[in-house]
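Visitor: I would like a close look at a single part of this structure, namely one strand and its surroundings. Please take me through the pairing, the packing and what lies around them, in one connected account.

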Amino acid sequence: GVDGAFARPVSFKRVWGSSNWDCSFALWDMVPPKGYVSVGCVATLHGVPPPGHDGTPTPYRCVREDLVHSTTPEERIWSVPASSSDANSYVLFTVGNLGNTFC
């Protein structure tokens, strides 16, 4: 069954931010509770943490891990290479699903 299919994230972890463009924004990973997975990240303007970062109600949910499966990324839609200020590179891909989501 799908009882307990969704759960609120335990917290959020900022994984990227930029103030160099016309629109300052940040990307946040959802930290899932045990037995759940995050299936995407949350984007916010001006680096403001997402709703729920401080324990307040949040609209975001993680999915019970036995209800998800892996997929192959399709088209790269955005990327930022590593730099002297950030050793990580970031890439967003579309994935084949009806939700038109990205990873």
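Guide: Aspartate 29 has cysteine 41, in strand E5, as its bridge partner, and this pairing belongs to a set of five bridges that join E3 to E5 in an antiparallel arrangement. The model is a predicted one, and what follows should be read as a description of that prediction. E3 is also joined to E2, here by seven bridges and again with the strands running antiparallel; within that pairing, serine 11 has valine 31 of E3 as its bridge partner. Strands of a sheet pair through backbone hydrogen bonds, either parallel or antiparallel.

The surroundings of E3 can be described through burial. Five of the seven residues of E3 are buried, so the strand is largely enclosed by the rest of the structure. For comparison, 27% of the 103 residues of the protein chain count as buried. Strand E3 spans residues 25-31 and gives three residues to the largest nonpolar core, which is the largest share of that core. The core itself has eight residues, namely Ala7, Phe12, Ala26, Trp28, Met30, Tyr36, Val42 and Cys62. A second, separate core has five residues, including Trp16, Leu27, Val80 and Tyr90. In soluble globular proteins, nonpolar side chains tend to be buried together.

Among the members of the eight-residue core, phenylalanine 12 deserves a further word, since its relative accessibility of 12% makes it count as buried. A search of the whole structure finds one aromatic pair. That pair brings together the rings of phenylalanine 12 and tyrosine 60, whose centres are 6.1 Å apart and whose planes stand at 80°, so the geometry is edge-to-face, the class for angles over 60 degrees. Phenylalanine 12 sits in strand E2 (residues 11-18), while tyrosine 60 belongs to the loop between strand E5 (41-45) and strand E6 (62-64), so that the pair links distant parts of the chain, 48 residues apart. Tyrosine 60, unlike its buried partner, is partly exposed, with a relative accessible area of 27%.

The two cysteines met along the way can be set side by side. Cysteine 41, the partner of aspartate 29, is partly exposed at a relative accessible area of 29%, whereas cysteine 62, a member of the eight-residue core, counts as buried at 0% relative accessibility. The count of disulfides in the model comes to zero.

The loop between E5 and E6 also holds histidine 46, which is exposed, with a relative accessible area of 59%. Leaving out residues up to four places away in sequence, histidine 46 touches Ser24 and Phe25. The C-alpha atoms of histidine 46 and serine 24 are separated by 4.8 Å, although the two residues are 22 apart along the chain.

Tyrosine 36, another residue of the eight-residue core, leads to a further sheet. Beyond its neighbours within four places in sequence, tyrosine 36 is in contact with Gly4, Ala5, Phe6, Ala7, Cys62, Val63, Arg64 and Glu65. The sheet in question is open and is formed by three strands in the order E1-E6-E4, with antiparallel pairing. Strand E1 (6-7) and strand E4 (36-37) stand at its edges, each with a single partner strand, so one side of each is left without a neighbour in the sheet. Two bridges join E1 to E6, which run antiparallel, and phenylalanine 6 stands opposite valine 63 in E6.

Arginine 64, one of the contacts of tyrosine 36, also takes part in a salt bridge, its side chain meeting that of aspartate 66 at 2.5 Å, N to O. The count of salt bridges comes to one. Its two residues differ in burial, for arginine 64 counts as buried at 16% relative accessibility, whereas aspartate 66 is exposed, with a relative accessible area of 55%.

Seen against the whole chain, these elements belong to a secondary structure of zero helices and eight strands. Among contacts in the protein chain with a separation of 6 or more, 39% are between residues 24 or more positions apart.

Definitions and conventions
Residues numbered from 1 in each chain as written. Predicted model: local features only at pLDDT ≥ 70, side-chain atom pairs only at ≥ 80, totals over all residues. Heavy atoms only, no water. Phe/Tyr/Trp six-rings, centres within 6.5 Å; stacked < 30°, edge-to-face > 60°. Helix = DSSP H or I, 4+ residues; strand = E, 2+ residues; numbered from the N terminus. Buried < 20%, exposed > 50% of the residue type's maximum accessible area, 1.4 Å probe, protein only. Salt bridge = Lys/Arg side-chain N within 4 Å of Asp/Glu carboxyl O. Core = buried A, V, L, I, M, F, W, Y, C linked by side-chain atoms within 4.5 Å. Contact = heavy atoms within 4.5 Å. Disulfide = S-S within 2.5 Å. Pairing = 2+ DSSP bridges.
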